[in-house]
Amino acid sequence: MCGIVGYVGPRTALPLLMAGLRRLEYRGYDSAGVALQKNGHLDVMRAEGKLDNLAAVVATHPSDGKTGIGHTRWATHGRPTEQNAHPHVDCTSATAVIHNGIIENFQELKAPLVAAGHKFSSETDTEVVVHLLEDELKTGKSLEDAALAVLPRLDGAAALVFISTTHPGTIVAARISNAGGVIVGHGKAENFVASDMTALLEHTRDMSFLEPGDLAVVTQKDVRFRRIEDGATVERAPKKIELDPVGAAKSGYKHFMAKEIAEQPRAISDTLLGRVDRTSGRVVFDADVKMTDDFVKALPRITFVACGTALHASLVGKYLIERLAKVPCDVEIASEYRYRDPVVSKGQLTIAVTQSGETADTLAAMNASRERGARLLTFCNVMGSEATRISDDVIYLHTGPEISVASTKAYTAMLVDLFLFAVYLAQRRGTIAANVAAQLLAEAFHLPTLIDAVLREEGKIRALAYRYTTAPNFLHLGRGVNYPTALEGALKLKELSYIHAEGTAAGEMKHGTNALIDKTLPVVAIALKDSVYKKMLSNIQEVRARAGIVIALATDGDTEIEQHADEIIRVPAVHELLSPVLAVLPLQLLAYHIADKRGNDVDQPRNLAKAVTVE
Ligand code: AGP
């Protein structure tokens, strides 16, 4: 989940690398570094902490090298210190490596190197690679052939990029495994590498994507691709990328998260755009969904695999699909699924839900399911990401880049896409009446207006949030289709504010969680006027009987709730199946304002990263 960038061409590389790292900082931000080729030696600069610290270092040691690599780190092996920051260099400081991923067998590779006299200066798994490379280069091999000799010896690994003074003007990049993509950007008389296309968009729209097992040799004049297993040359033709780099800027908001919350009316309009055929009234997905009628009608089962916020969206998806399309669904934590021996039913569909499309556990779970015969469908936001490339079918969220580590607009877009898919499946399977589908879809198209109405209440929610900034714990309660909303509200609060928060199915409280309730505990109760409203009121009574503080999320116009709650946040009435889209919005704002008031780094909370490309 580290960020990688590289440049070779006629321009001074350093400002380009720093600008690329700025765009990648969300991937990891506990240290950063650059290495540049300069007159037969390497200028290596690194700094602990955020990119600003590296910017201060490079400002005092400018380098005008024209070939360079840069890295922003999310620590796996070794503490987040300057010493462990990438790039790592060999004993002679002639060769440098940057890495995204984990080298699982680094200890066994390191021991003979140390015995042979190699000097290690970091605690990382990565450094072993550059010493292995040093030995191969000593035998007279080219940088690419030396890399081809070393890479098969690495277990795990993900993505690696090398430069060496022995080969001026050359960058070698490798993608070892599914996790950790590598992209080559083709410029005019200059070329780039990066872990993420957002780092390259301001320079080029022509990009080649390395497949697992590919190595790229990148010079100013050309780019070649080879297979790591046998060195054979392969073609990876560039694709034209149509993405708006300006969309990734903060646009005047204090944080990306604030911007992304505010963008939701527009983002959900984009997600809905073109998804219903006006003549037939049927949900349509584009050519990326290719399931046949026979497959859809015979579907025995759907298994969701996902992590974190995407897992919560999947839980809502299960509810929607079972209710509308009558297909039994399981929701699996991807990191658990991948290490079980999961049973896949004949003809089943496995659905991955992932904003980034690069989450290592989700990718591994997808592969485990595919190996056992499942068809793969991915709901994803990032075009061309790994999850989309390994899937049979893809449904995009169309919500624009999400930069803040805490997912907001991607979550609501997942909910809307999953709702559309549930109606789509129901229409194809004949389990929904035309008038019911029409009514549901009409309500869905009204969502942007309703979302806007909720977000207009931000001032009230901020005031409420400020009353609870010192609470040591929070409990979020939900039932039915809004049980996942309780999980998501608690996740948002803990990841941003560092306040311990737990999400619980309200019916489960009496089986243990009730013991936590006392007069210091704020309890967010999602109590909308739906099929489980009366049940939620009973659960709220249980909280009040134990002196807990009730913050009720209630439907506009519900007066009954007033006698049961200490605080009330209102959302407009909407069909129960669409209510999670509205219910989560105040919880996003609550978490945001508590965290901001506490002075936390909202966009980059401690110990987290946006794309979790390691397990
Ligand atoms: C949510 O706020 C988190 N950043 C996290 O739980 C995230 O949803 C999870 O890591 C999955 O990411 P993905 O959607 O990119 O696969």
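**Exercise 1. Arginine 570 and its partner**

Find how accessible arginine 570 is, then describe its salt bridge with glutamate 562.

*Solution.* Start with the accessibility: arginine 570 has a relative value of 25%, so arginine 570 counts as partly exposed. Keep in mind that this is a predicted model. Next, look at the partner: the side chain of arginine 570 meets that of glutamate 562 in a salt bridge, with 3.0 Å from N to O. Finally, classify glutamate 562, which is partly exposed because its relative accessibility is 45%.

**Exercise 2. Two more salt bridges**

The structure holds 40 salt bridges. For the one formed by arginine 467 and the one formed by lysine 460, name the partner and classify both ends as buried, partly exposed or exposed.

*Solution.* Take arginine 467 to begin with. Its salt bridge is with glutamate 567, and the closest N and O atoms are 2.8 Å apart. This pair links distant parts of the chain, 100 residues apart. Arginine 467 sits in the loop between helix 16 (458–466) and strand 21 (473–478), while glutamate 567 belongs to strand 25 (residues 567–571). For the accessibility, arginine 467 has 49% and counts as partly exposed. Buried means under 20% relative accessible area, so glutamate 567, with 12%, is buried.

Now turn to lysine 460. Its partner is glutamate 457, with 2.8 Å between the closest N and O atoms. Lysine 460 is exposed at 60% relative accessibility, and glutamate 457 is partly exposed at 29%.

As an extra, a network of salt bridges links Lys259, Glu263, Arg266, Asp270 and Lys409.

**Exercise 3. The largest nonpolar core**

Work out where the largest nonpolar core lies relative to domain 2 and domain 3, and look at the surroundings of isoleucine 302.

*Solution.* Begin with the core itself: it has 95 residues, and those with the most contacts inside it are Ile302, Ile321, Ile351, Phe421 and Phe474. Then ask which helix gives the most to this core. That is helix 13 (residues 409–429), with 15 residues. Because domain 2 (259–445) and domain 3 (455–597) both contribute residues, the core lies between them.

For a close-up, leave out residues up to four places away in sequence; isoleucine 302 then touches Ile321, Val327, Pro328, Cys329, Asp330, Leu349, Ile351 and Leu425.

**Exercise 4. Threonine 359**

Locate threonine 359, decide whether it is buried or exposed, and list its contacts.

*Solution.* Threonine 359 is placed in the loop between strand 18 (349–354) and helix 11 (360–371). Its relative accessible area is 14%, so threonine 359 is buried. Its side chain and that of serine 356 are joined by a polar contact of 3.3 Å. Beyond four places away in sequence, threonine 359 touches Cys307, Thr354 and Val612.

**Exercise 5. Strand 10 and its neighbours**

Describe which way the side chains of strand 10 point, and how strand 10 pairs with strand 1 and strand 9.

*Solution.* Recall a general point: side chains in a regular strand alternate between the two faces of the sheet. In strand 10 (residues 191–194), Asn191 and Val193 point one way and Phe192 and Ala194 the other, and all are buried.

Next, check the pairing. Strand 1 (residues 3–8) runs antiparallel to strand 10 and is joined to it by 4 bridges; valine 8 has asparagine 191 as its bridge partner. Strand 9 (residues 183–186) is also antiparallel to strand 10, again with 4 bridges, and isoleucine 183 is partnered with alanine 194.

Last, inspect the hairpin of strand 9 and strand 10: there are 4 residues between the strands, and alanine 189 takes a positive phi near 55°.

Note on methods
Residues are numbered from 1 along each chain as its sequence is written. This is a predicted model: local features need pLDDT of at least 70, side-chain atom pairs count only at pLDDT 80 or more; totals for chains, interfaces and linings use all residues. Side-chain values use heavy atoms; hydrogens and water are left out. A nonpolar core is a set of buried Ala, Val, Leu, Ile, Met, Phe, Trp, Tyr and Cys residues joined through side-chain atoms within 4.5 Å. Buried means under 20% relative accessible area, exposed over 50%, partly exposed in between (1.4 Å probe, protein chains only). Helices (H or I, at least four residues) and strands (E, at least two) are DSSP runs, numbered from the N terminus. Domain bounds come from an automatic or database domain assignment. Contact means heavy atoms within 4.5 Å. A salt bridge is a side-chain nitrogen of Lys or Arg within 4 Å of a carboxyl oxygen of Asp or Glu. A polar contact is a pair of N or O atoms within 3.5 Å; within protein, one must be able to donate a hydrogen and the other to accept it, and residues adjacent in sequence count only if both atoms are side-chain atoms. Two strands pair if DSSP finds at least two bridges between them.
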